[in-house]
Amino acid sequence: MEKTYRPFVRADIDAFFGLFVDNLANILVLATTLTGVIKMPHEIVYGRVLPGFAIAVLAASVYYFFQAIRVAKKQGLTDVCALPFGAPTTALFGFLYSIILPVYLISGDPMTAWRVGVAACLINGIIEILGAFFGETIRKITPRAALFGSLAGIAIAFIALKPTMQVFSLPQVGFLPFAIILLGLIAKEQMPANLPVGLL
């Protein structure tokens, strides 16, 4: 019996909550840094920056969803997963603390900092679009260890180490979700009432 590709499976619920919490954390960092440190007007942060962030995440997620279906049908696969989309944590910190904050400290004007941030996003997008034409060539000539080494270093330093330290710094809060993750995602134990691990 031939298996058919299912665009939605139960594991997608876990993936949704994982991505939701990740993006929520990035939104909180973005909003508190822009309003608290850079003193950017609330109209800009909550009227332009965060809605723009939300629209970008929604549009990209829908695009990747249909792209995964297309790839699955074209290659006859049943295990294709859509690429999760959100603001990369390292890029977010890079834009905030290497571009927007220095411009604000030099100019003293939050609007100038915001405009420079928008210009930097545009330039970044243009570089990524141009890079798409050469991505496959770069991938072929670059050793795999060089490509993944930097990603692994960033993941360990920024994505894994800090949250792990937070778990142990506040164990009465951190140990319960940590135990749920270990039991549900690593040991593959069934959760109470068969709830998805990410939701629980």
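1. Read from the N terminus onward, the chain of this predicted model follows the pattern α-α-α-α-α-α-α, with 7 helices and 0 strands in the protein chain. Taken along the principal axes, the C-alpha atoms fill a box of roughly 65 × 50 × 35 Å.

2. The pairing of α1 with α2 deserves attention, since the axes of these two helices come within 10 Å and cross at roughly 155°. Because angles over 145 degrees count as roughly antiparallel, α1 is roughly antiparallel to α2, and the crossing of the two is right-handed. On the α1 side the contact is made by N23, I27, L30, A31, L34 and T35, while α2 contributes H42, V45, Y46, V49, L50, F53 and V57. Sorted by class, this contact of α1 with α2 has 10 nonpolar and 3 polar residues, and no charged ones.

3. The contact of α1 with α3 has another geometry: the axes of α1 and α3 come within 11 Å and cross at roughly 5°, which makes α1 roughly parallel to α3. From α1 the contact draws on D22, N26, V29, L30, T33, L34 and V37, and from α3 on T89, L92, F93, L96, Y97, I100, L101 and Y104. The residues of this contact divide into 11 nonpolar, 3 polar and 1 charged. A reader tracing α1 may note that L30 and L34 are listed in the contact with α2 and also in the contact with α3.

4. For α3 and α4, the packing angle is about 145°, and the axes lie 8 Å apart; the crossing is right-handed. The residues that make the contact are F95, I99, I100, V103, Y104 and S107 of α3, together with P110, T112, A113, V116, G117, A120, C121 and N124 of α4. By class, the contact of α3 with α4 has 10 nonpolar and 4 polar residues, with no charged residue among them. Here too there are shared positions, in that I100 and Y104 of α3 take part in the contact with α4 and in the contact with α1.

5. Turning to the pockets, the largest pocket has a volume of about 1700 Å³ and is lined by 41 residues, of which G18, V21, D22, I159 and P163 lie nearest its centre. The helices α1 (11-37), α3 (89-107), α6 (144-169) and α7 (171-186) each supply at least two residues of this lining, and α6 gives the most, with 12 residues. The lining of the largest pocket divides into 29 nonpolar, 9 polar and 3 charged residues. D22, one of the residues nearest the centre of this pocket, is also part of the contact that α1 makes with α3.

6. The second largest pocket has a volume of about 1100 Å³, and its lining comprises 25 residues, of which A56, A87, F95, C121 and N124 lie nearest its centre. At least two lining residues come from each of α1, α2 (42-75), α3 and α4 (110-132), with α4 giving the most, at 7 residues. By class, the lining of the second largest pocket has 18 nonpolar, 5 polar and 2 charged residues.

7. One further link between the packing and the pockets can be drawn from the residue lists: F95, C121 and N124, which are among the residues nearest the centre of the second largest pocket, also belong to the contact of α3 with α4. Both α1 and α3 supply at least two residues to the lining of the largest pocket, and each of them likewise supplies at least two to the lining of the second largest pocket.

Note on methods:
Residues numbered from 1 in each chain as written. Predicted model: local features only at pLDDT ≥ 70, side-chain atom pairs only at ≥ 80, totals over all residues. Heavy atoms only, no water. 1 Å grid on protein atoms, 1.4 Å probe; cavity = no way out; pocket = protein on both sides within 12 Å on 5 of 7 lines; lining within 4 Å. Points joined across faces, edges and corners; volume = space filled by probe spheres on them. Helix = DSSP H or I, 4+ residues; strand = E, 2+ residues; numbered from the N terminus. Nonpolar A, V, L, I, M, F, W, Y, C, P; charged D, E, K, R; others polar. Axes fitted to C-alpha atoms, helices over the stretch in contact; angles between N-to-C directions. Parallel < 35°, antiparallel > 145°, perpendicular 65-115°, else oblique. Left-handed = near helix turned anticlockwise from the far one by under 90°. Contact = heavy atoms within 4.5 Å.
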